[in-house]
Structure formats: C-alpha cells, structure tokens
Amino acid sequence: MSIHVQRDKTGPMRQTVSIRKHVLTADQPVEGGGEDAGPDAHELYDAALASCKALTVLWYARRKGMALEDVLVDVESDRSQERQGLYKLKASLTFVGTLSDEERQQLLAVADKCPGAQADDAGEDGDRNRDGRLMAC
C-alpha cells in the first residue's frame with residue numbers, strides 16, 4: 001500500500017491525500033497560514049491513533065465473542081513542548097456493551113497493543129482512571 005500526498009494549489013497550504021480509493025484534504029488552520037479546509041497533519045496522526053485503537057479493540061472483541069456494542073475513543077494532544085521534541089497524546093476509551101470487568105481489562109490491554117500506539121511509544125505510563133479507561137498513551 002502507498003499513500004500519495006500532493007499540493008492542492010487552490011489553497012496556500014492545502015494538500016490532497018490519496019489512500020487506496022479514498023481522498024482526504026489536509027490543511028493548516030488559518031493562524032498557520034492555511035484555510036482550515038481539512039485537518040492538519042497532527043490531527044490526522046491523532047485520528048489515526050484513535051482509529052487504530054478502536055479498530056483493534058473491535059476486531060478483538062468480535063473474535064472473542066464479547067458483547068461490545070461500541071468503542072469510543074477521545075484523543076487530546078498537548079503540543080506545548082513540541083519544539084523540545086515532546087508531543088503528548090492522551091487517549092480515553094469508553095466501551096459500550098454488557099462486558100465483565102475482566103473483558104474490559106482485556107480490551108484495554110488490546111488497545112495498548114495497537115500497532116499505531118506501539119510505533120508512537122514515547123514512554124508514557126498509560127495511566128487509567130477508576131472506570132478503566134486509558135488516560136494516556
């Protein structure tokens with residue numbers, strides 16, 4: 001598989017991203033010199049991580065016959081130290097369905113093994129809050 005990115009000259013920073021048969025627009029926000037015609041590169045990266053976690057968990061739950069109806073992933077980024085080489089992501093997972101505590105813990109462990117999260121392992125602890133949702137990746 002290959003991903004092709006080419007400048008869309010209808011905007012000062014706009015890019016056309018082609019993945020298989022899908023076409024996306026990436027752009028910078030207005031304050032970054034773009035027109036905000038699409039998500040910026042960081043937002044696409046963050047969305048890829050969230051999607052990876054959701055798809056990995058859903059695949060695993062179906063394979064194991066778990067009663068997972070939905071998985072919700074929210075990602076927040078902290079770019080405040082990016083110039084120093086530190087880009088922090090905080091992912092929160094919510095599982096919808098009739099699941100035991102053991103199944104929820106299994107799903108959290110699977111989310112930690114998402115290939116995208118593995119590639120991005122920046123040494124965060126992966127703290128969890130009381131209901132078992134992943135709070136950092």
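## Polar contacts around D27

A polar contact here is a pair of N or O atoms within 3.5 Å, where one atom must be able to donate a hydrogen and the other to accept it. With that in hand, look at D27 in this predicted model: its side chain reaches the backbone nitrogen of R14 at 3.5 Å. The side chain of D27 also reaches the backbone nitrogen of E35, this time at 3.1 Å. D27 itself lies in the loop between β3 and α1.

What about charge pairing for D27? D27 is buried yet has no salt bridge, and R14, the nearest side chain of opposite charge, is 4.3 Å away. A salt bridge needs a side-chain nitrogen of Lys or Arg within 4 Å of a carboxyl oxygen of Asp or Glu, so R14 at 4.3 Å doesn't make the cut for D27. There is plenty of company, though: leaving out residues up to four places away in sequence, D27 touches M13, R14, G34, E35, D36, A37, G38, P39 and D40.

## The overall layout

Stepping back, the protein chain has three helices and five strands. Reading from the N terminus, the elements go β-β-β-α-β-β-α-α. Of the 137 residues in the protein chain, 31% count as buried.

Take the contacts in the protein chain between residues at least 6 apart in sequence: 41% of them join residues at least 24 apart. The accessible surface of the protein chain comes to about 9,000 Å², and 48% of that belongs to carbon and sulfur atoms.

## Two salt bridges

Side chains of opposite charge can pair when their charged atoms come close. How many salt bridges does the count come to here? The count comes to two. One is R14 with E35, where the closest N and O atoms are 2.6 Å apart. That pair links distant parts of the chain: R14 sits in the loop between β1 (3–7) and β2 (15–19), while E35 sits in the loop between β3 (22–26) and α1, 21 residues apart. R14 is buried, with a relative accessible area of 19%, and E35 counts as partly exposed at 39%. So R14 falls on the buried side of the cut-off, which is under 20%.

D40 and R79 also meet through their side chains in a salt bridge, at 3.4 Å from N to O. D40 lies in the loop between β3 and α1 and R79 in the loop between β4 (68–78) and β5 (88–97), so this pair ties together parts that are 39 residues apart in sequence. D40 is buried, with a relative accessible area of 5%, whereas R79 counts as partly exposed at 32%.

## D46, a buried acid on α1

D46 has its place in helix α1 (residues 41–64). Which side chain of opposite charge is nearest to D46? R79 is, at 5.0 Å, and D46 is buried yet has no salt bridge. The salt-bridge limit is 4 Å, so 5.0 Å leaves D46 and R79 unpaired by this rule. Leaving aside neighbours within four places in sequence, D46 is in contact with V75, S77, Y87 and L89.

## E103 and helix α2

E103 lies in helix α2 (residues 101–112) and is partly exposed, with a relative accessible area of 21%. The side chain of E103 reaches the backbone nitrogen of S100 at 2.9 Å.

Not counting residues up to four places away in sequence, E103 touches M66 and T98. The C-alpha atoms of E103 and A61 are separated by 8.7 Å, with their positions 42 residues apart along the chain.

## Two positive phi angles

Most residues other than glycine have a negative phi. Which residue in the loop between β2 and β3 goes the other way? R20, found in that loop, has a positive phi of about 50° although it is not a glycine. R20 is exposed, with a relative accessible area of 64%.

D36 is another case, with a positive phi of about 60° even though it is not a glycine. D36 is found in the loop between β3 and α1, and it is one of the residues that D27 touches.

## A nonpolar patch on the surface

M1, I3 and V5 form a nonpolar patch on the surface, with about 350 Å² of accessible area together. Of these, I3 lies in strand β1.

Key. Residues are numbered from 1 along each chain as its sequence is written. This is a predicted model: local features need pLDDT of at least 70, side-chain atom pairs count only at pLDDT 80 or more; totals for chains, interfaces and linings use all residues. Side-chain values use heavy atoms; hydrogens and water are left out. Helices (H or I, at least four residues) and strands (E, at least two) are DSSP runs, numbered from the N terminus. Buried means under 20% relative accessible area, exposed over 50%, partly exposed in between (1.4 Å probe, protein chains only). Lys and Arg count as positive and Asp and Glu as negative; His and the chain ends are not counted. Contact means heavy atoms within 4.5 Å. Patches are made of residues with over 30% relative accessible area and no salt bridge: like charges are joined within 9 Å, nonpolar side chains (Val, Leu, Ile, Met, Phe, Trp, Tyr) within 5 Å. Accessible areas come from the Shrake-Rupley method with a 1.4 Å probe; for residues, only the protein chains shown count as cover.
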